[in-house]
Amino acid sequence: MAANSLHELYVEQLQDLHNAEQQIIKALPKMIEEAQSEELRNALNEHLEVTRNQATRIETICEELGEDPENEKCKGMEGVLKEGSDLLKEVSDEVKDAAIIAAAQRVEHYEMAGYGTARTFARLLGFEEAAGMLEQTLEEEKQADETLSDLAEEVNVEALEAGEKGSDEEQAESRDTSRAKKGTKAKRAA
């Protein structure tokens with residue numbers, strides 16, 4: 001649908017956000033399952049419930065407008081979630097939680113941009129109650145991002161330390177292999 005007015009664009013943005021939330025509701029359980037940190041699992045579980053409430057808010061707003069909340073596909077969120085999913089397949093267990101946080105923060109920032117825009121449109125169009133609901137969601141997304149940032153401080157240090165430990169072990173293994181090869185060459189030379 002081509003948006004020919006700010007009102008139509010507002011509805012399109014709401015539908016896009018609703019689809020984004022539905023995609024997140026499907027993706028979060030996988031992230032929760034992959035998370036190793038209990039704190040991270042708890043934060044993601046909590047945000048899953050918040051996300052369900054956010055989707056319901058959009059449904060309420062769309063209902064009041066007489067619009068179907070499910071008329072749009074959020075290709076942006078689809079891409080962000082696919083990128084996060086691909087990343088989780090590529091990382092070792094030592095850095096998986098750090099990767100989950102990185103992916104989740106990209107999701108939060110994408111949502112913050114969308115909710116800020118929708119809230120502004122609602123205000124301009126005189127939908128103050130909807131603007132308040134969208135502001136509430138925007139604040140929840142900011143809080144989720146802050147929680148992830150706090151968790152990242154600990155998780156990223158653990159990932160760094162695990163990587164350094166792994167790197168030290170790899171270097172020791174490489175030296176041992178190199179010595180063994182030199183020892184074999186020395187025996188052949190003798």
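How many helices and how many strands are there in the chain? There are five helices and zero strands, where helices (DSSP runs of H or I, at least four residues) and strands (E, at least two) are numbered from the N terminus. Along the sequence, the pattern reads α-α-α-α-α.

A few notes before the tour. This is a predicted model, in which local features need pLDDT of at least 70 and side-chain atom pairs count only at pLDDT 80 or more, while totals for chains, interfaces and linings use all residues. Residues are numbered from 1 along each chain as its sequence is written, and side-chain values use heavy atoms, with hydrogens and water left out.

## The chain as a whole

Of the 190 residues in the chain, 40% are buried. Here buried means under 20% relative accessible area, exposed means over 50%, and partly exposed is in between, with a 1.4 Å probe and protein chains only. Among contacts (heavy atoms within 4.5 Å) with a separation of 6 or more, 80% join residues 24 or more positions apart.

## Helices H3 and H4

Two packed helices are described by the angle between their axes and the distance between the axes. Helix H3 covers residues 75-90 and helix H4 covers residues 96-124; they pack at an angle of about 175°, and their axes are 9 Å apart. The axes are lines fitted to C-alpha atoms, for helices over the stretch in contact, and angles run from 0 to 180 degrees between N-to-C directions. H3 and H4 are therefore roughly antiparallel to each other. That label is for angles over 145 degrees; under 35 counts as roughly parallel, 65 to 115 as roughly perpendicular and the rest as oblique.

On the H3 side, the contact is made by Gly 76, Met 77, Val 80, Leu 81, Glu 83, Gly 84, Leu 87 and Leu 88. H4 brings Lys 96, Ala 99, Ile 100, Ala 103, Arg 106, Val 107, Tyr 110 and Glu 111. By class, the contact has ten nonpolar, two polar and four charged residues. For this sorting, Ala, Val, Leu, Ile, Met, Phe, Trp, Tyr, Cys and Pro are nonpolar, Asp, Glu, Lys and Arg are charged, and the others, Gly among them, are polar.

## Salt bridges

The whole structure holds twelve salt bridges, each defined as a side-chain nitrogen of Lys or Arg within 4 Å of a carboxyl oxygen of Asp or Glu. Three of the pairs are shown here.

| Salt bridge | Closest N to O distance |
|---|---|
| Lys 73 and Glu 78 | 3.4 Å |
| Arg 106 and Glu 83 | 3.5 Å |
| Asp 93 and Lys 96 | 4.0 Å |

What does the pair of Arg 106 and Glu 83 tie together? Arg 106 lies in helix H4 and Glu 83 in helix H3, so the pair ties together parts that are 23 residues apart in sequence. Arg 106 is partly exposed at 45% relative accessible area, and Glu 83 is partly exposed at 46%.

Lys 73 is partly exposed too, with 44% relative accessibility, and its partner Glu 78 is partly exposed at 37%. In the pair of Asp 93 and Lys 96, Asp 93 is partly exposed at 46%, whereas Lys 96 is buried at 10%. Asp 93 and Lys 96 also belong to a network of salt bridges with Lys 30 and Glu 34.

## Along helix H1

Asp 16 lies in helix H1, which spans residues 6-34. Which side chain of opposite charge is nearest to Asp 16? The nearest is Lys 75, 8.2 Å away, and Asp 16 is buried yet has no salt bridge. Lys and Arg count as positive and Asp and Glu as negative, while His and the chain ends are not counted. Leaving aside residues up to four places away in sequence, Asp 16 touches Glu 72, Lys 73, Cys 74 and Tyr 110.

Ala 20 is also in helix H1 and is buried at 1% relative accessible area. With the residues up to four places away left out, Ala 20 touches Cys 74 and Met 77. Its C-alpha is 8.1 Å from that of Glu 111, although Ala 20 and Glu 111 are 91 residues apart in sequence.

Gln 23 of helix H1 is buried at 14%. Its contacts, again without residues up to four places away, are Lys 73, Cys 74, Met 77, Glu 78 and Leu 81.

Pro 29 is found in helix H1 as well and is partly exposed at 37% relative accessibility. Pro 29 and Leu 44 are 15 residues apart in sequence, with 8.3 Å between their C-alpha atoms.
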